[in-house]
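Open your viewer and get your selection tool ready. We will go from one whole chain to an interface, and then to a single residue.

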Amino acid sequence: MPFDHDTVVGFSKSFGLFYLVALSVIALVWTYWPSNKKGFDEAAKRPVLEEEDRPWRG
Amino acid sequence: MIADLTRAERLWAMLILGALGLIGLAMAIGGRNDLLGIHGWIVLAAGLGGFIAVMRGLDAPEPSAERLNEYYDAPTRVGLILTLLWAVVGMGVGFWVAALLAWPDMTFDVPWLSFGRLRPVHTSGVIFGFGGNALIATSFHVLQRTTRARLPDQISPWFVLLGYNLFCIIAASGYLMGLTQSKEYAEPEWYADIWLVVVWVVYFAIYMRTLARRKEPHIYVANWYYMAFILVVAILHIVNNLAVPISLGSAKSYSLFSGVQDAMTQWWYGHNAVAFFLTAGFLGMMYYYLPKRAGRPIFSYRMSIISFWGITFMYMWAGSHHLHYTALPHWVQTLGMAFSVVLLVPSWASAGNALLTLNGAWHKVRDDAVLRFMALAAIFYGITTFEGSFMAIRAVNSLSHYTDWTIGHVHAGALGWVAMITFGSLYSIVPSMFRRERIYSQKLVEVHFWLALSGTVIYVFAMWNSGVIQGLMWRTYTESGGLTYSFIDSLVAMHPYYIARAFGGLLFLLGALTALYNVVMTIRMPAPAADDAALDIPAKPALQAGE
């Protein structure tokens with residue numbers, strides 16, 4: 001396959017589309033995967049937790 | 001600063017600073033017939049000064065192991081002060097160049113006072129000096145709190161903060177001397193660019209090393225945004241600055257790219273500097289400090305993740321909207337336009353998420369100027385991203401491009417979004433960072449808020465008006481097909497708006513000075529008496545009535 005302008009454009013226009021769709025699907029599935037919800041809910045509380053302002057050591 | 005370092009770290013610091021001094025010396029000798037030599041002397045002074053300072057503190061007592069029970073906030077404290085100092089410099093020069101546009105004679109025929117040299121001092125001063133220091137300072141703060149882990153060591157955060165400021169000084173002093181590679185927001189020459197890469201790799205390593213030691217299983221979303229900012233800025237910076245210096249003794253270099261490839265690379269860089277420096281990093285700030293100040297968790301954590309991936313995917317392709325109606329292939333322009341329009345979805349998801357988080361806390365927004373700064377930032381973020389998507393449409397761009405409308409758009413983002421979220425976050429952590437009970441004057445925060453808001457509104461409206469008038473004057477034709485107005489006609493029409501713009505900028509600058517004064521006075525307030533005792537021992541619960 002020659003590395004010329006038309007080839008690069010063809011690759012960008014085809015692969016680019018599938019790459020975007022695939023990454024969008026992965027991001028959405030991961031975000032809405034039911035078992036991930038618990039972790040997200042806990043993470044969301046992180047900034048507002050009133051706890052001592054120091055690293056956890058154990 | 002030096003007292004925080006262990007003995008081994010002090011020796012490392014001397015080694016690094018000594019090497020820096022030697023590099024400076026080599027630059028000064030190799031570039032003695034060039035402006036590079038002057039930068040060599042600056043680097044030598046920085047390296048040597050630091051070396052002597054560390055050497056003098058070499059035998060000071062080592063920090064106790066107790067330090068590991070605390071977060072390492074000293075770099076954040078220094079970073080916050082540097083943020084405000086750069087704000088005053090960057091916005092001060094911004095006001096000056098705004099005045100220069102209204103009264104062009106004020107260059108007084110001094111080369112370094114000319115608009116072309118001062119403007120990049122303004123843009124780099126506010127973006128890199130003010131914004132960059134704010135991002136470094138807050139990212140260290142947020143990273144530690146959300147991972148519940150202390151920064152990995154005491155030396156690398158200083159290397160990043162001080163090394164970054166050395167880059168900013170080299171950049172700004174170079175512009176004044178006339179050193180530039182003529183790429184917008186990437187003006188510094190090759191040696192400064194290489195130095196920034198070194199600093200940036202260490203910055204990313206701090207993030208990775210702290211995350212590896214995290215005590216929280218989930219990485220809070222703010223860190224994702226900060227990491228996207230660090231990682232992508234590194235990629236953009238390296239690719240756009242690929243260049244060959246004409247010799248190791250010369251500041252001048254030639255870019256690897258030329259013609260339309262150069263333009264495309266530059267605006268891929270330039271727009272993603274907006275995306276990942278001025279958006280992703282500050283969204284990281286917003287996703288931590290806004291919920292914290294409002295006392296409410298983010299409205300939808302899932303939405304914040306989807307916005308994150310949306311913004312990181314799509315911004316990458318939007319840069320070509322800067323090159324509508326140029327030699328760039330038409331389909332690439334259309335691609336940039338399409339992605340810019342779709343970008344509105346994740347952008348508004350973020351702005352909406354922030355405002356919905358405040359739903360139920362509007363009374364706090366009313367009473368607390370600090371939270372109001374953040375709320376206003378979210379509103380301006382929404383306005384600016386809408387405007388940006390709209391301006392990226394080719395037909396709209398034919399009117400707006402090369403006019404002051406673009407300047408208005410940029411400042412709605414820079415003043416309304418970036419600076420507001422920064423000031424809000426800064427005020428919210430200054431008291432705890434400096435172990436003071438409160439900010440020195442709540443009233444001055446209020447004054448700053450109204451100065452900032454009125455300054456932004458005056459600035460943006462002046463530029464909107466001026467931009468649209470400019471665009472229309474440039475495209476008005478006579479019956480015979482000639483241009484109705486000459487360029488100078490449009491310039492005369494702009495004059496009142498340029499005065500209004502300088503006034504808006506002045507108000508914003510006064511706000512930044514108010515912030516600096518307020519923070520300095522906060523630091524100078526006496527520390528709460530029981531501070532040290534309260535640190536280590538949990539406070540006894542107060543007796544409740546009826547107990």
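Here is a short tour of chain B and its meeting with chain A, in a model that is predicted.

**Stop 1: chain B as a whole**

Select chain B and show it as a cartoon. Its secondary structure comes to 18 helices and two strands. Turn to the principal axes, and the C-alpha atoms of chain B fill a box of roughly 90 × 70 × 45 Å. The radius of gyration of chain B is 24 Å, which agrees with the value near 24 Å for a compact globule of 547 residues. If you colour by accessibility, 56% of the 547 residues of chain B count as buried. What about the contacts inside chain B? Taking those between residues at least 6 apart in sequence, 82% join residues at least 24 apart.

**Stop 2: the interface with chain A**

Now bring chain A into view and select the residues of each chain that touch the other. You should have 33 residues of chain B in contact with 29 residues of chain A. Highlight B:R148, B:R302 and B:F313 next: in chain B these lose the most area to chain A, together 26% of what that side buries. The area buried between the two chains is about 2900 Å², and carbon and sulfur atoms give 66% of this area.

For the polar side of the picture, eight residue pairs are in polar contact across the interface of chain B and chain A, both residues at pLDDT 80 or more. Which elements of chain B should you colour here? Those giving two or more residues to the side that touches chain A are α4 (115–147), α8 (259–294), α9 (301–315), α10 (330–342) and α18 (531–536) of chain B. Of these, α9(B) gives the most, with six residues. Coloured by residue class, this side of chain B divides into 19 nonpolar, four polar and 10 charged residues.

Three salt bridges are also found across the interface. To see a salt bridge, select A:R46 and B:E216, whose side chains meet at 3.5 Å, N to O.

**Stop 3: B:R145**

Finally, zoom in on B:R145, in helix α4 of chain B. Is B:R145 buried or exposed? At 7% relative accessibility, B:R145 counts as buried. Show side chains and look for B:D73, joined to B:R145 by a side-chain polar contact of 2.9 Å. Leaving aside neighbours within four places in sequence, B:R145 is in contact with A:R46 and A:D53 from chain A, and with B:Y71, B:D73, B:Y288 and B:M433 from chain B. Keep A:R46 selected as you finish: this residue touches B:R145 and forms the salt bridge with B:E216 from the previous stop.

Technical notes: Residues are numbered from 1 along each chain as its sequence is written. Chains are lettered from A and ligands numbered from 1 in the order in which they are written. Side-chain values use heavy atoms; hydrogens and water are left out. Contact means heavy atoms within 4.5 Å. Buried area is the accessible area (1.4 Å probe) that two parts lose on being put together, summed over both. A salt bridge is a side-chain nitrogen of Lys or Arg within 4 Å of a carboxyl oxygen of Asp or Glu. A polar contact is a pair of N or O atoms within 3.5 Å; within protein, one must be able to donate a hydrogen and the other to accept it, and residues adjacent in sequence count only if both atoms are side-chain atoms. Helices (H or I, at least four residues) and strands (E, at least two) are DSSP runs, numbered from the N terminus. Ala, Val, Leu, Ile, Met, Phe, Trp, Tyr, Cys and Pro count as nonpolar, Asp, Glu, Lys and Arg as charged, and the others, Gly among them, as polar. The radius of gyration is taken over C-alpha atoms; the globule rule is 2.2 Å times the number of residues to the power 0.38. Buried means under 20% relative accessible area, exposed over 50%, partly exposed in between (1.4 Å probe, protein chains only).
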